[in-house]
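Please open the structure in your viewer and keep a selection panel at hand. The tour below proceeds by selection, and each stop says what to pick and what is found there.

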Amino acid sequence: MSKQFSTLETTRILFEHPKVMFHMIERMDRVAVHYVLETDLIRYVLDYSGTLKKADQARLRRAFSTDNLFRSGVVIDIDKVQGERRLVFQDALLGLMRACNASLYQELTDARLRSYLVTLRDVLDRLRVSSFHEADPDFTELRDDLNERVSRLIGLLRQNIFRMQTISAELAELSDEASRGKEQFSDFRQNLFEQITTLYERHIKPTLVLLNPDSQLEDGANLFAIMDGIQDLLERNDQQASADQVFRASLSLNAMHRPIQKVAVEVDHFLRKTRRGMVQYNAMEHHFQHLQTLLEATRTQDLRKTRLDGRGFVRSSSFMSGLKASARPKQYAFGQSESYYQLLFSELTLRLDDLQRQHEAPVLPELTAQASGPVMDIQRIDTLFRWVDSLELRPTADLVRELHGRLEGFIDGYRFPDLLVAMNRLSNLDLTPWELVTTNRFRQLGSPENEHYIYRKRRLQHAGH
């Protein structure tokens, strides 16, 4: 009879060569089964041990033999179906292996989440008829069972969150396929939709429903209602320490909703991307990683490297050519000074006054740009004079541009000659306590392609300044 290893020695060998179990778990997940075929295990162990020394080969093959795995308790069941032997490994071992490899984490399914809800509801029902006495073994066992189930649920959810947060890398790998031809993209997108939709509907959405305090379930109370009920029962029966523990667990569960929701939004945005959007995303990510490499080169101990050496990057990136020749975009942000807000409120007040004057007693009739004739011109000029006389003025560095904005917004059929009439009227009025100063700086209104007006900049200021 060949020598058998103990459970401790067998487990040690399994973790000395984790690639074997990682491969088996990945295969189980891919075909969605809970067992390993004996032939698959033997074949992979033989391939894996081919590069080892003879002593290590014999040791590894003996440890992974079916008899040794079963006698040591690592395999809990052996089933024979259609001439093939199926090995069922310990859940604890599989869970520990998954914890060692984040890519093997299993997303929580709707069925597993509902099983936890059912067990917690059962705990709540049993607590309602419990004695809450420390000398009662039924109560102490029930309390320990409650703590174990809640801790296990929190642990699984944390693993699930970590698994989902790494989904960005998987989405990037999937989007790499977007560079293929247009004729193949439709098939790729269909497969992508099937994979991502399954992930969202079977894993992300059930977790969001479980962690939503406001969710309404058809079969009973939601998770947080159950936790509140358990906490209330413990508090009313002087089990404050256990009640505080349940309360802390509720806070932990409530904090898990936000990261899962962020993953759901990211998946939704990814599904909405077109092929062109995916290609652009991949291009930006590629160049961003290149810039990251250049940045890391400046973080060394070499004090001479304080700036990014981007010459090669600029030459390889055609979209960067001529960037320095482009004008910097103007930023529009709220200022911090008191004068800025005074100017802002003054502008709002003037525009509101113009609107009120237009609606209550409109000065201008409906004059169109096509109207002609001396009678119409006289009427138009007279109407504009009366409109200008009713204006409320304020200090400004460019009166022509400000007056253009007010005329354009409140006069039908506005033209540049109307602006000349208005400025001529203001130039001949007594503007006390204001004075109009004409500068030698030229400005332009309109676009060069269409009608435009070049004028001298005029400044309206307090007299004597």
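## Salt bridges across the chain

Across the whole structure, a search finds 19 salt bridges, and since this is a predicted model, the tour treats each of them as a feature of the prediction.

Begin by selecting Asp219 together with Arg114, whose side chains form a salt bridge in which the closest N and O atoms are 3.1 Å apart. Asp219 sits in the loop between α10 (182-210) and α11 (223-236), while Arg114 belongs to helix α7 (residues 110-128), so this pair ties together parts that are 105 residues apart in sequence.

Keep Asp219 selected and add Arg121, because the side chains of Arg121 and Asp219 also meet in a salt bridge, with 3.3 Å from N to O. Here too the pair links distant parts of the chain, with Arg121 in helix α7 and Asp219 in the loop between α10 and α11, 98 residues apart.

With these three residues on screen, which of them are buried and which are partly exposed? Asp219 is partly exposed, at a relative accessible area of 44%, and Arg114 is likewise partly exposed, at 38%. Arg121, by contrast, has a relative accessibility of 13% and therefore counts as buried, the cut-off being under 20%.

Next, move to Arg299 and Glu296, which form a salt bridge whose closest N and O atoms are 3.1 Å apart. Arg299 counts as exposed, with 55% relative accessibility, whereas Glu296 is partly exposed, with a relative accessible area of 44%.

To finish with the charged side chains, select Glu9, Arg12, Glu16 and Arg59, which are linked in a network of salt bridges.

## The three-stranded sheet

Now switch to a cartoon view and look for an open sheet of three strands, which has the order β1-β3-β2 and antiparallel pairing. The edge strands are β1 (36-37) and β2 (75-81), each of which pairs on one side only. In general, the strands of a sheet pair through backbone hydrogen bonds, either parallel or antiparallel.

Select β2 and strand β3 (residues 84-89), which pair in the antiparallel sense over six bridges. Within this pairing, Lys80 has Arg85 in β3 as its bridge partner, and Asp79 stands opposite Arg86 in β3. Between the two strands, the hairpin of β2 and β3 has two residues, and in this hairpin Gln82 takes a positive phi near 55 degrees.

On the other pairing, how many bridges join β1 to β3? Two bridges join these strands, which run antiparallel, and a useful pair of residues to display is Val36 and Leu87, since Val36 stands opposite Leu87 in β3.

## A nonpolar patch on the surface

For the last stop, show the molecular surface and select Tyr341, Phe345 and Leu348, which form a nonpolar patch on the surface with about 290 Å² of accessible area together. To place this patch in the fold, colour helix α16 (residues 338-360), in which Phe345 lies.

Conventions: Residues numbered from 1 in each chain as written. Predicted model: local features only at pLDDT ≥ 70, side-chain atom pairs only at ≥ 80, totals over all residues. Heavy atoms only, no water. Pairing = 2+ DSSP bridges. Helix = DSSP H or I, 4+ residues; strand = E, 2+ residues; numbered from the N terminus. Patch = residues over 30% accessible without salt bridge, like charges linked within 9 Å, V, L, I, M, F, W, Y side chains within 5 Å. Areas by Shrake-Rupley, 256 points an atom, 1.4 Å probe, with all protein chains shown as cover. Salt bridge = Lys/Arg side-chain N within 4 Å of Asp/Glu carboxyl O. Buried < 20%, exposed > 50% of the residue type's maximum accessible area, 1.4 Å probe, protein only.
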